[in-house]
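Please open the structure in your viewer and set the display to cartoon. The tour below proceeds by selection, with a description of what is found at each stop.

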Amino acid sequence: MVASSGVALPETMQSIGFDAPGGPEVLRLQTSPVPRLRPDDVLIRVAYAGVNRPDCLQRAGAYPPPPGASPLLGLEVSGEIVAVGSEVPREMIGQYVAALTPGGGYAEYCAAHWQHCLPVPEGMLLAEAAALPETLFTVWHNLFERGLARDGERVLIHGGTSGIGTMAIMLAKAFGLEVIVTCGDTAKCASATRIGADLAINYRETDFVEAVMAHTEGKGVHVVLDMVSGDYVARNLKCLAEDGRHVTIAVLGGAKADINMAVVMMRRLTLTGSTLRPRSDSFKSALADEIADNAWPLFCDGELSPVMDMTFPLAEAAAAHARMEKGDHIGKIVLEVAGG
């Protein structure tokens, strides 16, 4: 059973789809059925949808949705809850939320587990709310839960001006860490510094291992948040202090790494990593609860806000993907659906 606000919901909606994997140009506007709700789902009339690197990978055929997830792109949205499943508190109808989704965000309506939603406070822009869930959940889990980062430690973050990178800078600084990032040019390094990084390294001009060790006076960093993998892993390990933690969240530079395990043993290093999308609903619910207690208040109070790049209409999702893949963006790209 689904309870709604009493307004009749449409049976179909506009969404973004593609007929076959390919470049950004394969994306097109299409008509899709409005999602059917599971008992623990809410139906969100989407105001904005965040654009993330996994969306590009799925479009290219390299990242299929997990079983049971919507085949549509889109891992985070903001908007109004217009209907709820039978096991969801009825008072959620009419609430504005930011939601982590397993897919389906590039559409006028999106279903999400009710416990994967965070309330949008008065004063928070819905465009900014849509830019938060995917990066916030990812960074919180990997930097603080898996990476065990804590006050007074040093962290190296690759891709400092990406959506993940900018979120990681802000959260790390908010919780008392020293932040070193890598970026691809001087302008991006300047942007990362303005966001809060203590040191931004242009990896095209400077060996980041040498720069990290010089900046830390040979001590190294306690955590590396790595989205490159490949041949970066061995170099990252050279940046780690003893008992350091290496956390992999993407493999943009290749899935395989050649490392010296004797070094790992002698320096007691920890190598870990995770992917968020395939994790269980119960895991994501627990993660949402921890974020609601520890990080979400910083955004609700206005102490932190996401770094925003560009907003594109839903129909121009191809242009949004092209911008992300070109690598010129600083912060988050979002799609405007209903707006607000």
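**A β-α-β unit, then a sheet**

In this predicted model, begin by selecting β15, helix α11 (residues 317–326) and β16, which together make a right-handed β-α-β unit. Restrict the selection to the two strands: β15 (residues 308–313) and β16 (residues 332–336) pair in the parallel sense, over four bridges. Within this pair, display the side chains of Phe312 and Leu335; Phe312 stands opposite Leu335 in β16.

Next, select the strands β11, β10, β9, β12, β13 and β14. In that order, these six strands form an open sheet with parallel pairing. Which strands stand at the edges? They are β11 (199–202) and β14 (270–273); each has a single partner strand, so one side of each is left without a neighbour in the sheet. From one strand to the next, the twist averages 20°.

Now move to β9 (residues 154–157) and β12 (residues 221–226), which pair in the parallel sense over three bridges. Label Leu156 here, which stands opposite Val224 in β12.

Finally, add the helices that accompany the sheet. Select helix α6 (residues 208–215), which lies across β9, β10 (178–183), β11 and β12. Helix α6 runs at about 155° to β11. Then select helix α7 (residues 232–239), which packs on the sheet and touches β9, β12, β13 (240–248) and β14. The direction of helix α7 makes about 145° with that of β13. With both helices displayed, note that β9 and β12 are among the strands that α6 lies across and among those that α7 touches.

Note on methods
Residues are numbered from 1 along each chain as its sequence is written. This is a predicted model: local features need pLDDT of at least 70, side-chain atom pairs count only at pLDDT 80 or more; totals for chains, interfaces and linings use all residues. Side-chain values use heavy atoms; hydrogens and water are left out. Two strands pair if DSSP finds at least two bridges between them. A crossover is right-handed if, with the strands pointing away from the viewer, the path from the first strand over the helix to the second runs clockwise. Axes are lines fitted to C-alpha atoms, for helices over the stretch in contact, and angles run from 0 to 180 degrees between N-to-C directions. Contact means heavy atoms within 4.5 Å.
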